[in-house]
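Here is a friendly walk through one protein model, written for someone who likes cut-offs stated plainly. Please keep the viewer open as you read.

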Amino acid sequence: MSEAHGDNRLTGAAGSAESAEPAAPAGPAEPTASAPAAEAGRSATDSGGSGGSGDAGGRRVRVVLVDDHRMFRTGVQAEIGETERTGVEVVGEAADVDQAVTVITATRPEVVLLDVHLPGGGGVEVLRRCAPLMGDATQPVRFLALSVSDAAEDVIGVIRGGARGYVTKTITGTDLVDSVFRVQDGDAVFSPRLAGFVLDAFASTDAPPVDEDLDRLTQREREVLRLIARGYAYKEIAKQLFISVKTVESHVSAVLRKLQLSNRHELTRWATARRLV
C-alpha cells in the first residue's frame, strides 16, 4: 500500500501517529468533550484556508475523531479542538469500528474524521453501519476520511461507502479545519492528488464499478495481501501493522481461502494483475 511517510503535521507535540500505540478503549459510550480555549484571530471559513488560526465567526461544528492511534487523536485535538478559536468542538473519540459506531450514534456529530484502517473492519465498515445516520434528512452525519494512506483503492472504497471527502495526514491543522467546515456544508473535499483517483474511477466505462473478489476481503486482509505481494516476511508485516505474527498467518490463510489461491506466489500474481502492489 502506498503510504505518506513524510512529515506528519497534525501530531505536533504528540509525536508521530504511525509510531503511537493503539488507544485502549475507554468506554465508547462516553465521548470525550474538549474544553473551550481563549478567543483569537480570524474566521474558520475565511478564504485562503485560515480557518485554524482565528475565531470561527460564530460558526460551530461538532466532530468525532476516529483513529486507532491515541497519540494521533491527541495531536488532532490539540490542533483543531480549541472551540473558541477554530469553531470545532470535538465531542467524541473512538479507536475501532464498534466504538466508533457507538460514539457516533450517541453524539450525532455534524462531521466524523475517519481513519481508513481500523480494527474491526476498517472505515468502510463504519460507513456501512452508519448509513442510516448519513441518510438522515434533518441531521445528517457526514464523514471526512483522514488517513496516512494515499492508495487509490482506499480512497475509492470510502467514497463509495458514503464519505464526503478524503485528505491525508500530511494536511495542516488550518486546512483540516477548513475541510471540516466544507464537509459540514455538503461539499466534497479531497487532497489534490487524490481527487484524480475518484474522477478516474467514476468516469471509467470500461472497468466494473466493484471488484467482487477484492470486496470479499476485509480492510486488514487487503493490507496484509499488499505486503505479502511486495515480498514482506510475516515478522515484517506484523511489525508494520502492529499485530502478532500469528494474526498475520491467520489473515493470509483467510485471503487464500477467499480468493481460492494455494500459496503466496499465486497471491502475488493475483495482486500484481490488479495493480495492488
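Aspartate 115 is buried, and so is lysine 169; buried means under 20% relative accessible area, exposed over 50%, and partly exposed in between, with a 1.4 Å probe and protein chains only. This is a predicted model, in which local features need pLDDT of at least 70 and side-chain atom pairs count only at pLDDT 80 or more, while totals for chains, interfaces and linings use all residues. Residues are numbered from 1 along each chain as its sequence is written, and side-chain values use heavy atoms, with hydrogens and water left out.

**Charged pairs**

Aspartate 115 and lysine 169 form a salt bridge, their closest N and O atoms being 3.9 Å apart; the term stands for a side-chain nitrogen of Lys or Arg within 4 Å of a carboxyl oxygen of Asp or Glu. This pair links distant parts of the chain, with aspartate 115 in the loop between strand 3 and helix 4 (122–129) and lysine 169 in the loop between strand 5 (165–168) and helix 7 (173–184), 54 residues apart. Helices (H or I, at least four residues) and strands (E, at least two) are DSSP runs, numbered from the N terminus.

How many salt bridges does the structure hold? There are 12, and the table shows three of the pairs.

| Pair | Closest N to O distance |
|---|---|
| Arginine 108 and aspartate 136 | 2.8 Å |
| Aspartate 115 and lysine 169 | 3.9 Å |
| Arginine 128 and glutamate 125 | 2.6 Å |

Arginine 108 lies in the loop between helix 3 (97–107) and strand 3 (111–114), and aspartate 136 in the loop between helix 5 (131–134) and strand 4 (142–147), so their salt bridge ties together parts that are 28 residues apart in sequence. Arginine 108 is partly exposed at 22% relative accessibility, and aspartate 136 is also partly exposed, at 24%.

Arginine 128 and glutamate 125 both sit in helix 4, 3 residues apart, about one turn of the helix. With a relative accessible area of 55%, arginine 128 is exposed. Shared partners also join Asp67, Asp115 and Lys169 into one salt-bridge network.

**The nonpolar core**

The largest nonpolar core has 27 residues; such a core is a set of buried Ala, Val, Leu, Ile, Met, Phe, Trp, Tyr and Cys residues joined through side-chain atoms within 4.5 Å. Among the residues with the most contacts inside the core are Ile104, Leu114, Val126 and Phe143. Helix 3 gives the most to this core, with 5 residues. Leaving aside residues up to four places away in sequence, valine 126 touches Val97, Ala100, Ile104, Leu114, Leu118 and Phe143, where contact means heavy atoms within 4.5 Å.

**Around strand 4**

Why is strand 4 described as largely enclosed by the rest of the structure? It is because 5 of its 6 residues are buried. Strand 3 and strand 4 pair in the parallel sense over 4 bridges; pairing requires that DSSP finds at least two bridges between two strands. Alanine 145 in strand 4 stands opposite leucine 114. Strand 4 also runs parallel to strand 5, with 4 bridges joining them, and tyrosine 166 in strand 5 is a bridge partner of alanine 145.

**Positive phi angles**

Phenylalanine 242 is not a glycine, yet has a positive phi of about 60 degrees. It is found in the loop between helix 11 (234–241) and helix 12 (245–259), and is partly exposed at 38% relative accessibility. Glutamine 260 has a positive phi near 55 degrees. It lies in the loop between helix 12 and helix 13 (264–273) and is exposed, at 73% relative accessibility.
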